[in-house]
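User: I am new to this structure and would like to understand how each label attached to it is justified. Could we go through the labels slowly?

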Amino acid sequence: MATRKRTARAKAKAPRGRTAASGRKTARRWSGSVTAHSNALDLEPALFKGSDPASIARSLKRSAERSHRRKAGPFQSAMSMLNFYINRGGRNLSASRKKLLERAKTELRRLYGRT
């Protein structure tokens, strides 16, 4: 496999996600701003850091029902935000944390009378 020569311009260019001068990572977390500034729901601060799945589900339900800016129904909006947070966590979410959030999904379904 042949190697390519890098031009001076390509050498000066910083790797994706890093600033040229310092080499530090830049803040490219659009998903964090979605959670914080979502147009769908006004969430309580530190909602997903709670340790009780029932309180997380109740809070999501309360937020979804109070919001007038959502496009879908309250159940879909609440479940969507919870799934978004779980997916956003990805591999960085511990197994115990993911299990707690999955239980919150079950509790949310129960609150809305869905199976």
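**Labels and the values behind them**

Analyst: Lys105 and Glu102 lie three residues apart in helix 5 (residues 95-111), so about one helical turn separates them. This is a predicted model, and the values discussed here are computed from it.

User: What makes the pair Lys105 and Glu102 a salt bridge?

Analyst: The label requires a side-chain nitrogen of Lys or Arg within 4 Å of a carboxyl oxygen of Asp or Glu. The side chains of Lys105 and Glu102 meet at 3.4 Å, N to O, and because the limit is 4 Å, the pair qualifies.

User: How do you know whether Lys105 and Glu102 are buried, partly exposed or exposed?

Analyst: Buried means under 20% relative accessible area, and exposed means over 50%, with partly exposed in between. Lys105 has 11% relative accessibility and therefore counts as buried, whereas Glu102, with a relative accessible area of 31%, is partly exposed.

User: Why is the contact between Glu107 and Arg110 called a salt bridge, and how are the two placed in the helix?

Analyst: The closest N and O atoms of Glu107 and Arg110 are 2.4 Å apart, which is within 4 Å, so the pair meets the definition. Glu107 and Arg110 are three residues apart in helix 5, which means that about one helical turn separates them. Glu107 is buried because its relative accessibility is 17%, while Arg110, at 55%, is exposed.

User: What makes Arg62 and Glu44 a link between distant parts of the chain?

Analyst: The side chains of Arg62 and Glu44 form a salt bridge at 2.9 Å, N to O. Arg62 belongs to helix 3 (residues 53-66), whereas Glu44 sits in the loop between helix 2 (30-36) and helix 3, and the two are 18 residues apart. Arg62 has a relative accessible area of 32% and is therefore partly exposed, and Glu44, at 37%, also counts as partly exposed. In total, the structure holds five salt bridges.

User: How do you know which helices build the largest nonpolar core?

Analyst: The largest nonpolar core has 20 residues, and those with the most contacts inside it are Phe48, Ile56, Leu60, Leu82, Leu101 and Leu108. The elements that give two or more residues to this core are helix 3, helix 4 (74-89) and helix 5, and the largest share, seven residues, comes from helix 4.

User: What does Ile56 touch beyond its neighbours within four places in sequence?

Analyst: With those neighbours left aside, Ile56 is in contact with Leu47, Gly50, Leu100, Leu101 and Ala104. Ile56 is also one of the buried residues of helix 3, a list that includes Ala57, Leu60 and Ala64, and what covers the buried residues of this helix includes helix 4 and helix 5.

User: Why is the length of helix 3 described as close to the expected value?

Analyst: Helix 3 has 14 residues, and the expected span is 1.5 Å times one less than the number of residues. That expectation is given as 20 Å, and helix 3 reaches 20 Å from its first C-alpha to its last, so the description holds.

User: Which elements make up the whole chain, and how much of the chain is buried?

Analyst: The chain has five helices and zero strands, and its elements run α-α-α-α-α from the N terminus on. Of its 115 residues, 30% count as buried.

Key
Residues numbered from 1 in each chain as written. Predicted model: local features only at pLDDT ≥ 70, side-chain atom pairs only at ≥ 80, totals over all residues. Heavy atoms only, no water. Helix = DSSP H or I, 4+ residues; strand = E, 2+ residues; numbered from the N terminus. Buried < 20%, exposed > 50% of the residue type's maximum accessible area, 1.4 Å probe, protein only. Core = buried A, V, L, I, M, F, W, Y, C linked by side-chain atoms within 4.5 Å. Contact = heavy atoms within 4.5 Å.
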